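This briefing walks through one protein chain and the two ligands placed with it. Look over the structure below, then read on by topic.

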Amino acid sequence: MTSLIYLSDLAGDPDLHQSLQGGAISIGNFDGVHLGHRALLDRVRQHAERVGGKAIAIVMDPHPASVLRPHGAPPKLTTLPRRAELMSELGIDHLLVCEATREFLNQTAEEFFQRLIVEQLSGKAIIEGPNFFFGRDRAGNTTRLKELADERQIDVEIVVPSVRDERLVSSSRVREAIASGDLPLANQMLGSRYCLTGTVTTGEQRGRTLGFPTANLSGVETLIPENGVYAALASWEGTVDGTCHPAAVHIGPNPTFDERQETKIEAHLLDYDGDLYGKMLTLTLVSQVRGVQKFADASALKQQLQIDLQTVRETVSSLPSQP
Ligand SMILES: Cc1cc2nc3c(=O)[nH]c(=O)nc-3n(C[C@H](O)[C@H](O)[C@H](O)COP(=O)(O)O)c2cc1C
Ligand SMILES: Nc1ncnc2c1ncn2[C@@H]1O[C@H](COP(=O)(O)OP(=O)(O)OP(=O)(O)O)[C@@H](O)[C@H]1O
């Protein structure tokens, strides 16, 4: 398991602080833990084994852009606990979170390197991609990183970036794919399937009168895909043996019944009739089935839902374990 720890916790926990000394480190946002991050984190794990220390990924929270720029950071693909979960599969020991205060972000590249990598962590190896920048105004680049590390006999590896269709894989590119509803492309670049997690709350309770009850999700913290109907897998804490249920997910307004353009995320789970209220539900999105439509009446919507459910069943039944 990758443990999620805060830099501020190290001062009060000397054993934890000690266990982090002399490891292999990578610094970034790691939002989505996409294929590029995965290749890089794999090298972090290998370097950690070589130097006999921990494999450490460092992120800043909140996203520096939300502290420094008026328009803030882009919507997240993953919460920090989800990033740690995905990093567990890659053998990363710790996801270390630095609180992105103005003071922290105001450090020069040299100060940042000296205080965090040298004084706090006694890092032995640093692994980054070629587009890595650090310190105030992003003034430090990989050349400067190598100079600073060489002076202190710290190893540096700059990995060859992962590309897809001759373009760099990046969190921004994954966000574009999700925002346009292209889940297969997003999932391929992620190397895992994109998830939405939220709490099941009460909706209009109209779904059950249609014969298609839906779990309405609220409190979703990550990027919501383009409006549409999606094939998904639903799971929640306490799902027996981690079983997933095929689900037809509706994202968007309900134009057939309601002129308000309020975006809802609701899921009809196939072959399930339990009580989900209050549960933390995760919807793992596979692909878009169709766009949201305004139907002439409830009966026309019901006919379409029958077709949607069949499409979802077929899509999910032929799913490979990896996207
Ligand atoms: C798979 C699926 C597809 C849906 N597609 C549409 C749609 O295209 N247009 C629409 O107005 N409502 C659509 N709905 C939403 C229904 O109108 C909605 O489930 C119903 O109004 C119940 O809302 P409630 O959960 O708040 O009770 C869809 C629901 C599901 C589960
Ligand atoms: N495609 C990639 N291949 C290898 N390394 C990458 C790739 N993309 C990013 N990295 C590296 O991963 C580390 C973390 O970067 P970061 O989390 O900012 O990734 P990003 O996907 O480029 O994000 P964004 O799109 O928001 O700029 C950095 O060292 C960065 O250079």
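The shell around ligand 1 holds eight nonpolar, ten polar and four charged residues. This is a predicted model. The chain has 323 residues, of which 33% are buried. Its fold includes twelve helices and 14 strands.

**The chain as a whole**
- The C-alpha trace measures about 75 × 40 × 40 Å along its principal axes.
- Consider the contacts in the chain with a separation of 6 or more: 73% of them join residues 24 or more positions apart.

**Around ligand 1**
- Ligand 1 is surrounded by 22 residues.
- The closest are Gly 203, Glu 204, Gly 207, Ala 248 and Thr 256.
- Three elements each give two or more residues to this shell: strand S12 (245-252), strand S13 (264-269) and helix H12 (298-317).
- H12 provides the largest share, three residues.

**The annotated domain**
- UniProt, in an unreviewed entry, lists residues 189-317 as "domain: Riboflavin kinase".
- Helix makes up 20% of residues 189-317, and strand makes up 35%.
- The end C-alpha atoms of this span are 22 Å apart.

**Around ligand 2**
- Ligand 2 has 19 residues around it.
- Gly 28, Gly 36, Glu 128, Gly 129 and Ser 170 are the closest.
- Helix H3 (35-51) and helix H9 (171-179) are the elements that give two or more residues to this shell.
- The largest share, four residues, belongs to H3.
- By class, the shell around ligand 2 has eight nonpolar residues, ten polar and one charged.

**Helix H9**
- Ser 171, Val 174 and Ile 178 are buried in H9.
- These buried residues sit on the same side of H9, because they cover an arc of only 60° around the axis.
- Helix H10 (183-190) is part of what covers the buried residues of H9.
- After H9 comes Gly 181, with a positive phi near 85°.

**Helix H7**
- Helix H7 covers residues 109-120, twelve residues in total.
- At 1.5 Å a residue, H7 should span 16 Å. Its end C-alpha atoms lie 15 Å apart, so the model agrees with that expectation.
- Four residues of H7 are buried: Phe 112, Phe 113, Leu 116 and Ile 117.
- Seen down the axis of H7, these buried residues fall within an arc of 100°, so they line one face of the helix.
- Which exposed residues does the face turned away from the buried side of H7 carry? They are Glu 111 and Glu 119.
- The cover over the buried residues of H7 includes strand S2 (24-27), strand S5 (125-128) and helix H8 (142-151).
- Ser 122 follows H7, and its phi is positive, near 45°.

**To take away**
- In the shell around ligand 1, the largest share comes from H12; in the shell around ligand 2, the largest share comes from H3.
- The buried residues of H7 line one face, as their arc of 100° shows.
- The buried residues of H9 lie on the same side of that helix, within an arc of only 60°.

Note on methods: Residues numbered from 1 in each chain as written. Chains lettered and ligands numbered in written order. Predicted model: local features only at pLDDT ≥ 70, side-chain atom pairs only at ≥ 80, totals over all residues. Expected span 1.5 Å × (residues − 1). Buried ≥ 20, exposed ≤ 12 C-beta atoms within 10 Å, placed from the backbone. Arc of directions from axis to C-beta. Contact = placed C-beta atoms within 7 Å. Near = placed C-beta within 6 Å. Nonpolar A, V, L, I, M, F, W, Y, C, P; charged D, E, K, R; others polar. UniProt positions renumbered as here; feature names shortened; annotations may be inferred.
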